[in-house]
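Colleague: I am new to reading protein models, and I would love to go through one with you. Could we look at it together?

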Amino acid sequence: MRLFFIYLVLTIVTAGNMVSANQASRSIRGKVVDANTSEPLEFVNVVLREKGVANAIPMGSITDLDGNFNIPNVPLGSYILQISFIGYGTYEQDVVLSTGRSSINLQVIYLSEDTQTLNEVQVVGMRSQMRFEIDKKVFNVDQNIASTGGSASDILENIPSIEVDNEGEISLRGNSAVTIWINGKASGLSADNRAQILEQLPAESIERIEVITNPSAKYSP
């Protein structure tokens, strides 16, 4: 009984080794190079998908420093080989591994650079929306999307420490005794007409708002 058990184990191990050796001989290999320079491409993704099977788990490999790849232990069947790399067009090829064919050598596969290019690239820098100067706070509102289609009063509502009531009256930190200058000059706006004029002034025409809490003699405080 003991001899039979040992013989059975040896038989299974031997049969398993034969299957593994048979599967190991079925492989797909090749080399990936640049189509323009013929230089080998390293770390290229190589994926093998079984044809006609939606949920099949793909097999794959990546190329080595010399551009070579090898996908071992490939069962018999029909496959789609897909090779992709950043900056290059995707390469696809049908591969059939049939009985009596131990392996497939695809030789050299050429990848061409992706010809899709941008016509123009614009790098746009935006200024900080708020900055502090010696005697004032400056708010850049010309790039504020929220102010599109609004009025000067709408912009002032979004400025910290400035309040605009339902009547359009302006106050700074709760104090309504404010003076409004336009383009560095006294605008002549009074408490009687200030709200109406600010409602009519389009927001798109305003580049920045300067808030001066402690005005110097220049502004005739």
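Modeller: Happily; what follows is a set of questions and answers about this model, which is predicted.

Colleague: Let's begin with the sheet of three strands. What is the order of its strands?

Modeller: This sheet is open, and its pairing is mixed. Neighbouring strands in the sheet are turned against each other by 20 degrees on average, with direction ignored. Reading across the three strands, the order is S4-S1-S7.

Colleague: Which strands stand at the edges, and why is one side of each left without a neighbour?

Modeller: A strand at the edge of this sheet has a single partner strand, so one side of it has no neighbour in the sheet. That is the case for strand S4 (68-71) and strand S7 (103-111).

Colleague: How many bridges join S1 and S7?

Modeller: In general, strands of a sheet pair through backbone hydrogen bonds, either parallel or antiparallel. Strand S1, residues 27-34, pairs with S7 in the parallel sense. One of the pairs to look for is Asp34 with its bridge partner Leu111 in S7. The number of bridges between S1 and S7 is seven.

Colleague: Now Ser27, please. Is it buried or exposed?

Modeller: Ser27 lies in strand S1. Setting aside neighbours within four places in sequence, its contacts include Asn70, Ile71, Ser103 and Ile104. Its relative accessibility is 8% and buried means under 20%, so Ser27 counts as buried.

Colleague: What distance separates the C-alpha atoms of Ser27 and Asn70?

Modeller: Along the chain, Ser27 and Asn70 are 43 residues apart. They are nevertheless in contact. Their C-alpha atoms are separated by 6.8 Å.

Colleague: And Ser171: is that residue buried or exposed?

Modeller: You will find Ser171 in strand S11. Not counting residues up to four places away in sequence, Ser171 touches Ser161, Ile162, Glu163, Ser176 and Val178. With a relative accessible area of 13%, against a limit of 20%, Ser171 is buried.

Colleague: Let's move to the largest pocket. Which element gives the largest share of its lining?

Modeller: The largest pocket holds about 1200 Å³ of space, and 32 residues line it. Helix H2 (152-157), strand S11 (170-172), strand S12 (181-182) and strand S14 (208-211) each supply at least two of them. The largest share is four residues, and it comes from S14.

Colleague: How many residues of that lining are nonpolar?

Modeller: Nearest the centre of the largest pocket lie Thr179, Ile180, Trp181, Ile209 and Glu210. Across the lining, eight residues are polar and five are charged. The nonpolar residues number 19.

Conventions
Residues numbered from 1 in each chain as written. Predicted model: local features only at pLDDT ≥ 70, side-chain atom pairs only at ≥ 80, totals over all residues. Heavy atoms only, no water. 1 Å grid on protein atoms, 1.4 Å probe; cavity = no way out; pocket = protein on both sides within 12 Å on 5 of 7 lines; lining within 4 Å. Points joined across faces, edges and corners; volume = space filled by probe spheres on them. Helix = DSSP H or I, 4+ residues; strand = E, 2+ residues; numbered from the N terminus. Nonpolar A, V, L, I, M, F, W, Y, C, P; charged D, E, K, R; others polar. Pairing = 2+ DSSP bridges. Axes fitted to C-alpha atoms, helices over the stretch in contact; angles between N-to-C directions. Buried < 20%, exposed > 50% of the residue type's maximum accessible area, 1.4 Å probe, protein only. Contact = heavy atoms within 4.5 Å.
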